[in-house]
Amino acid sequence: MSFATDGDYNATLQSEDAAETASDASHEARWYAVQVASGCEKRVKTNLEQRIQTFDVAEKILQVEIPHTPAVKIRKDGSRQHTEEKVFPGYVLVRMMMDDDTWQVVRNTSHVINFVGAEQKRGTGKGRGHVKPVPLSYTEVERIFKQTSEQEPVVKIDMATGDKIVVLSGPFKDFEGEVIEVSPERSKLKALLSIFGRDTPVELEFNQVQKQS
């Protein structure tokens, strides 16, 4: 499977693509990956769901999903913010019966770049070909949704090994040092601080330090 995008096609090329997808139409709904503009996943989902109702294809375009996994973001004060992270940034998954109508509804949604599929080379000319949508395999779909439902929250913090920090509170206040270990699950880190002229590893709470720019 290749991830490809198309440019501006003329009407002839568009009709050829639609005809090809229509010829492969199946009564069985399959999951397809759709590439969208970066940061526009939610907007595409909302717009596409509206278009499904407008064009009366709800019986053929059944589901639009943006797979997420849980995450916990550690704030500077040490508090935890529960959030979600996209599994595939820049992509939306659509469960649909592929035919001329459904292809047009999805493909012409604002901020949609293209279906993920196999790029078909043009018979003549130097331009790029068009993309024939290829459904995700059943195994791949199962893996994706199993991951989103079973994965434990990933703890995120804006701190990494090698970062320079300054201590804000505690017995080492105003000391500067370098992070040597980060333990998000414990909300702690280890940093090398210069104490009595010697680099000494010290364990600190996240909310005790600030990263230096």
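Okay, let's start with one residue: Phe196 is exposed, because its relative accessible area is 82% and anything over 50% counts as exposed. Keep in mind that what we have on screen is a predicted model. So where does Phe196 sit? You'll find Phe196 in the loop between strand 12 (188-195) and strand 13. Phe196 also has a positive phi of about 55°, although it isn't a glycine. For background, most residues other than glycine have a negative phi.

There are other positive phi values to look at. His111 has a phi near 75°, and again that's a residue other than glycine. His111 belongs to the loop between helix 3 and strand 6. Is His111 buried or partly exposed? His111 is partly exposed, with a relative accessible area of 31%. And then Asp56, just after helix 2, takes a positive phi of about 55°.

That brings me to helix 2. This helix covers residues 41-54, so 14 residues, and at 1.5 Å a residue it should span 20 Å; its end C-alpha atoms are 20 Å apart, which agrees. Which residues of helix 2 are buried? They are Glu41, Val44, Leu48 and Ile52. If you look down the axis of helix 2, those buried residues fall within an arc of 70°, so they line one face of the helix. On the face turned away from that buried side, you get the exposed residues Lys42, Gln53 and Thr54. As for what the buried residues of helix 2 pack against, the partners include strand 1 (30-36), strand 2 (61-65), strand 4 (80-86) and helix 3 (100-107).

Now over to a sheet. There's an open sheet of five strands in the order 13-12-11-10-14, with antiparallel pairing. Strand 13 (198-205) and strand 14 (209-211) are at the edges, each with a single partner strand, so one side of each has no neighbour in the sheet. On average, neighbouring strands of this sheet are turned by 40° against each other, ignoring direction. How many bridges join strand 10 to strand 14? Three bridges do, with strand 10 being residues 164-167 and the two strands running antiparallel. Ile165 stands opposite Lys211 in strand 14.

Let me zoom out to finish. The protein chain has four helices and 14 strands. Of its 213 residues, 36% count as buried. Take the contacts between residues at least 6 apart in sequence: 61% of them join residues at least 24 apart. And the accessible surface of the chain comes to about 12,600 Å², with 47% of that belonging to carbon and sulfur atoms.

Key
Residues numbered from 1 in each chain as written. Predicted model: local features only at pLDDT ≥ 70, side-chain atom pairs only at ≥ 80, totals over all residues. Heavy atoms only, no water. Expected span 1.5 Å × (residues − 1). Buried < 20%, exposed > 50% of the residue type's maximum accessible area, 1.4 Å probe, protein only. Arc of directions from axis to C-beta. Contact = heavy atoms within 4.5 Å. Areas by Shrake-Rupley, 256 points an atom, 1.4 Å probe, with all protein chains shown as cover. Pairing = 2+ DSSP bridges. Axes fitted to C-alpha atoms, helices over the stretch in contact; angles between N-to-C directions.
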